[in-house]
Amino acid sequence: YNNDADSISGSASTSSFSFSSASAMISDMMEVAGNSFKPTIGTLQETIEEGDEDDSDRSNSNKLLRRRHVNLSAAFCGAVVIIVCIVSAIAKLGTGDPGNSSLYSTTTTFTTHNDIATDGNPHLQKYSYVFVAYDEVGVALAKQLFGQLQISMKEHVGGNLTLIDVDRHDYVRTAGMDTGCTQFNLEQGQVAILEEPEFHCSSARLKKIFMEHRDGSREKWGVKLIHLTRNPFNMAVSNYCRHVQEKIASQASPCKPGGTNHMNAGFLGKAGIMSRDDFADIFAACKEIHDPNYPYNKLLAALPPEKGLRMSVSDESIGLALMANDLIKFREVYQLVDHEWQNKNRNKLRVFDVLTMTLDSWIDYPDSRMKDFLDFVFGKSMPASSKSQIAAEYARMPLEQRLPTEAMCDDDMLVDVLRNDAILSGPLGRIEDLLESVLSGKTEIER
């Protein structure tokens, strides 16, 4: 487990990459230290030897002894230099560049590598695949990753994957307003891209939605879920920038709480993330600023950022709350499925693997994140050289070809405004802490 920005991951290949990088860095430093030290040894030896030739009272044995002392001192100094270099290299890897943070670059994998297959093959076509995202950038990335998944599956495993359409509003309230869950059926070899799914039902019910399927003739071995999250402060700022740049006037009000947030507030309040009072304060602050006589995007552009951001967070509150909800629910579903493995007397053993990644890290480290994605899906079924080639080609693509840059905004000043806002900083900060706790966790269970 390594703190390097490009290596904190559940994948062994990423960790080994970091170790080799550290070794190379240390070797380079040692070589530089050794080269710079060699002339010093020679100079000291020459000085001693010249002095000894002028001193007839010194014996040859004393000359040798003094040379040994010099060489020992030089060796000691050289060792100190090398140790300092090693410590510096390790410190550099621990600190990393400004992007090195568990929040931005950690990849968390809840994985249950299965022993279902008796022939030793992974049979990846027997799984369902799910991408979950919360904004335009996340959905665009999910579609790209699905395309890569389809291509690589044909080449390295065989068979086609089928993309199914899921409406997040298609949910059944089993026992009232607070228990709705987006409904879908996932068969083996099917892929779903879920934008802001509504998972307000119990974790046990959500487990059934993910794991069960209707076609009894084709056994499904499990689900591999790619959870594309985002730092909540960056998510709110990007929403602000996107609306400010909109050309078409928007008449929608950003201050409406809606039924989704009513459902979010109950669960997140109990979890200590966002209470009903937090939601009420956010919407009240928005209403104080919003003027229904002006288009939302035009009003945002005219207002100072500290006011505009309050409207933007209210507008983005559904996505922020749903992301927080899913971070908790997916972990609970994983634990429920894992419990089946603890009781192997059951007839069915299934897999629920979750890869949690931030869009921020995909923007900053596309090469490493693509490797993590391919490792998560294919494991040893795809050669490391193929993964590296795909990742390198993806990283070489201009950012505007990888992601919709018009929906992205990296503005530290605006983030600082949110962090210092008396109403917004608390809820957003708690979502940030929740995300960081998931990303910093690491669960790998070899079955």
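**Exercise 1. Determine the handedness of the disulfide between Cys181 and Cys201, and state which parts of the chain this disulfide joins.**

Solution. Step 1: In this predicted model, the sulfur atoms of Cys181 and Cys201 lie 2.0 Å apart, and the two residues form a disulfide. Step 2: The torsion about their S-S bond is about -75°, so the disulfide is left-handed. Step 3: Cys181 belongs to strand 5 (residues 180–182), while Cys201 sits in the loop between strand 6 (190–195) and helix 5 (203–211); the pair therefore ties together parts that are 20 residues apart in sequence. Step 4: Both Cys181 and Cys201 are buried.

**Exercise 2. Carry out the corresponding analysis for Cys255 and Cys286.**

Solution. Step 1: The structure holds 2 disulfides. Cys255 and Cys286 form one of them, with their sulfur atoms 2.0 Å apart. Step 2: Because the torsion about the S-S bond of Cys255 and Cys286 is about -70°, the disulfide is left-handed. Step 3: The pair links distant parts of the chain, 31 residues apart: Cys255 is in the loop between helix 6 (232–244) and helix 7 (258–270), and Cys286 is in helix 8. Step 4: Buried means under 20% relative accessible area. Cys255, at 4% relative accessibility, therefore counts as buried. Cys286 is likewise buried, with a relative accessible area of 0%.

**Exercise 3. Describe the length of helix 8 and the arrangement of its buried and exposed residues.**

Solution. Step 1: Helix 8 covers residues 276–289, which is 14 residues. From its first C-alpha to its last, helix 8 reaches 21 Å, close to the 20 Å expected at 1.5 Å a residue. Step 2: The buried residues of helix 8 are Asp278, Phe279, Ile282, Phe283, Ala285, Cys286 and Ile289. Step 3: These residues cover an arc of only 155° around the axis, so they lie on the same side of helix 8. Step 4: The exposed residues Asp277, Lys287 and Glu288 are carried on the face turned away from the buried side of helix 8.

**Exercise 4. Decide whether Ser312 is buried or exposed, and identify the residues that Ser312 touches.**

Solution. Step 1: Ser312 is placed in helix 10 (residues 305–315). Step 2: Its relative accessibility is 0%, so Ser312 counts as buried. Step 3: Leaving aside residues up to four places away in sequence, Ser312 touches Ala236, Asn239, Tyr240 and Tyr296.

**Exercise 5. Summarise the protein as a whole in terms of secondary structure, burial, contacts and surface.**

Solution. Step 1: The secondary structure comprises 17 helices and 9 strands. Step 2: Of the 447 residues in the protein, 48% are buried. Step 3: Among contacts with a separation of 6 or more, 78% are between residues 24 or more positions apart. Step 4: The protein exposes about 20,900 Å², of which carbon and sulfur atoms supply 52%.

**Exercise 6. Establish where the confidence of the prediction is highest and where it is lowest.**

Solution. Step 1: The average pLDDT of the protein is 75, and 66% of the residues score at least 70. Step 2: Confidence is highest in helix 14 (residues 384–396), at 95, and lowest in helix 3 (residues 102–105), at a mean of 34. Step 3: Over residues 84–107 the pLDDT stays under 50, and the model has 57 contacts beyond four places in sequence for this stretch. Step 4: Residues 111–115 also have a pLDDT below 50; this stretch has 23 contacts in the model beyond near neighbours in sequence.

Note on methods: Residues numbered from 1 in each chain as written. Predicted model: local features only at pLDDT ≥ 70, side-chain atom pairs only at ≥ 80, totals over all residues. Heavy atoms only, no water. pLDDT = per-residue confidence, 0-100. Helix = DSSP H or I, 4+ residues; strand = E, 2+ residues; numbered from the N terminus. Contact = heavy atoms within 4.5 Å. Expected span 1.5 Å × (residues − 1). Buried < 20%, exposed > 50% of the residue type's maximum accessible area, 1.4 Å probe, protein only. Arc of directions from axis to C-beta. Areas by Shrake-Rupley, 256 points an atom, 1.4 Å probe, with all protein chains shown as cover. Disulfide = S-S within 2.5 Å.
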